[in-house]
Amino acid sequence: MLEMVIITLLKIIAVLAVVLTGCAYSTYLERKVVAAMQHRIGPSYAGPYGLLQPLADAVKLMFKEDIIPDNVERWTYAMAPAISFIPALLTFAVVPFGMDMTIFGREIKMVLSDMNVGVLFVFAITSMGIYGIVLAGWSSGSKYSLLGSIRSSAQMISYEISYGLSIVGVLFIANTLSLSELIAQQETILDWFIFSQPVGFLLYVTCAVAETNRAPFDLPEAESELVAGYHTEYSSMRFSMFFIGEYANMLAVSAVGTVFFLGGWQGPFTEQVPILSFVWFFVKVFMFMFVYIWLRATFPRFRYDQLMNFGWKILLPLAVVNTVVTGFFVVL
Amino acid sequence: MPVSAFLVLAGVLFAIGAVGVLISRNIIVLFMCVELMLNSANLALIAFSRALHVVDGHAFVFLVLTVAAAEVAVGLAMVITIFRNRETINIDRISILKW
Amino acid sequence: MTEYLAVLIFIFAGVGIVLVTFLISRLLRPDHDYPEKSLNYECAEEPVGTSWVRFNNRFYIFALIFVVFDVEAVFLFPWAVAFGQLGLYALVEMVLFIAILMFGLFYAWKKGVLKWA
Amino acid sequence: MTLDVAIFFISAIVAVFGATMMITVRNPVASVLYLLVSFAAQAVLFIQLGALFLGVVLIIVYVGAILVLFLFVVMLLNLRGGEDLGQPSRPMSRFSKYLIGALLLVELVFVIRGSAGGTDQTVTGMMGPVVETFGSVQDVGMLLFTTYLYPFELTGVLLLVAIVGAVVIAKRETEREAAQKKQLVEERGHSSEEKVS
């Protein structure tokens, strides 16, 4: 019992460390990649190649004054950043980072919680992400915030269904809701579900980008009209919570997408060198993140009516058709 | 834990929901109380399922959740219409069936 | 059960991290508040009116259809998993279920409530 | 075993606290949030009772969808707790309402305690162990798509009715709003023309 508790605590610390570092360096990655795509240099002063930039940003935000406007709803205003950050973090509880390993004679799973309804858990956590945004917008007492949060939440619920349905096709083939089970079924590269579910994969990527409010679906933040959307009134650490939360969300959907469609930590030579499974996993997540940033550098922002029409009239029917067609294929 | 502990808890939650329906004048809170009561029934169903070692109760809970969703969808649509017409969410003011 | 317990501990750890960062920042940050600072941001103008505006109920329609389809998606998960044992039979009944709900979606579509004017 | 008891009592207290606060606070958004807390605690209880799948489904459907809808309505109507809810009711009437609730509770406990004269060990005894797969998705899915197939398809119809009903209600509202706006625009156009002339 005690041993299990200690292992769990160590795992929690490891997951938190990996995710928070990952978030910090995603911001760096984004700035560097976008800069390269726009023929700029990007951050380059803090440390070699600007590698310490995330640290500098964190320290700067820590030292900023926390300004709370007078007409906010105090409690919800204070809680909203935490509410938007914690669900983003929680997804990583069920994501397997690598293959099972034997350390000091103990068989240790490289996942915090290998629950048998992991897929549903991910879905549940995704659906909770909306609260932080809604509460932030509602409690700020600012027009921009309220507009941004209404827009953002309407957008998130519009794409959430398709997000859920896009993975049902995979579940058909795999017949399981456990993430480690899903990975076990994608042993060789040809077993990856991206090949049996190409439409599902495209749907997943599209919905994931929309769910995390990223470009080209970043209407809630439309600087030109809404200043910054739901977090206009936030400053200091509260603002940075939203900021980290956004990147944690991106990492989460990337990690989950990797597990669903790209075989998770599976890759060559993992049997001989188990530690390599981590490398494969991080490489795949990195590729996902790169696509995210690439999309941002390439596409202009959608118009709101286009966004809603796209979500309800194209993606949702497509996801349903994909599910049914996959069902027929599996049966026949 | 005895199953009856869960059943008593379900009863307590149901009673709170019932009191809420009685004392609340805010129609939205009233709706939420109904949801609470529905879910306390769910808790009882699951507790009985556990006691009798059958999963039938789980299937019922699934159906109850669906009913709750449908009820909320239509109910809140009506709340919105009422509010836009009469500018109130006080159920004591919404006492005639026609508007 | 232990798997779920781990998640529970993880939630507390997450809350702890948030609280600790807030605490550190509280100790470090300056505090020079004056009345103009605590106005809502409105591009450096005096805020006009309140944010107590009421929204178009189109937003509501989307939320509503979302609830219904969310329930549908939840039904699809056990179906997809039990599918291996049930086969064609399950497929037919689920197609029926989906068809009923898609009819609802197309009804909303035809009635024009999905259109963003 | 003690851990089990601790989880039960903590969750139970949180669930009851959330429910109580929900009916007592004035601010509707706070109400929604307290109900959320209560549901989260109930999800923990579901999982403790072996309903692993349903615990998560409870979060998805209630917290992820239904409460979001409530929050949306509160936001769309912009209710902030300052609405006119009429006179507070008289003490007697209020007391009688609490009394009804208490009586209901007493009766429920009585029924639970007295089931089969208090000798029914399946209810009042300790929970026995269950098979590992109890409450798994497969089990529930199988049951839902074989034994309870008919109710399942009926819920499909129910959801359809919900969509149609809500669309009809909201559609009429949207049309009226559009008409009002049109009228407003026409009036304005009129007055501006007058100014020009």
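**Helices and a shared core: group meeting talk**

Read along its sequence, chain B follows the pattern α-α-α, and its secondary structure comes to three helices and zero strands, where helices (H or I, at least four residues) and strands (E, at least two) are DSSP runs numbered from the N terminus. Before going on, I should say that this is a predicted model, in which local features need pLDDT of at least 70 and side-chain atom pairs count only at pLDDT 80 or more, while totals for chains, interfaces and linings use all residues. Residues are numbered from 1 along each chain as its sequence is written, and chains are lettered from A and ligands numbered from 1 in the order in which they are written.

Of the 99 residues in chain B, 62% are buried, a residue being buried if 20 or more other C-beta atoms lie within 10 Å of its own, exposed if 12 or fewer, and partly exposed in between, with C-beta atoms placed from the backbone.

Now to the core. The largest nonpolar core, meaning a set of buried Ala, Val, Leu, Ile, Met, Phe, Trp, Tyr and Cys residues joined through C-beta atoms within 7 Å, has 243 residues, of which B:Ala69, C:Leu64, C:Val67, D:Leu69 and D:Val73 touch the most other members. Its largest share, 24 residues, comes from helix H3 (residues 52-77) of chain D. What is C:Val67 in contact with, leaving aside its neighbours within four places in sequence? Taking contact as C-beta atoms, placed from the backbone, within 7 Å, the partners of C:Val67 are B:Ala69, B:Val72, B:Ala73, D:Ala65, D:Ile66 and D:Leu69.

Turning to chain A, helix H9 (residues 198-211) has ten of its 14 residues buried, among them A:Phe201, A:Tyr204 and A:Ala208. The axes of H9(A) and helix H11 (236-261) of chain A come within 11 Å and cross at roughly 170 degrees, the axes being lines fitted to C-alpha atoms, for helices over the stretch in contact, with angles from 0 to 180 degrees between N-to-C directions. The two helices are therefore roughly antiparallel, a label given to angles over 145 degrees. On the H9(A) side the contact is made by A:Phe201, A:Tyr204, A:Val205, A:Ala208 and A:Glu211, and on the H11(A) side by A:Val253, A:Gly257, A:Phe260 and A:Phe261. Just after H9(A), A:Asn213 takes a positive phi of about 55 degrees.

H11(A) appears again with helix H1 (residues 2-28) of chain C, whose buried residues pack against H11(A), helix H1 (2-37) and helix H3 (74-90) of chain A, together with helix H2 (28-48) of chain D. Those buried residues include C:Tyr4, C:Phe10 and C:Val18.

Key
Two residues are in contact if their C-beta atoms, placed from the backbone, lie within 7 Å. The expected span of a helix is 1.5 Å times one less than its number of residues. Angles under 35 degrees count as roughly parallel, over 145 as roughly antiparallel, 65 to 115 as roughly perpendicular and the rest as oblique.
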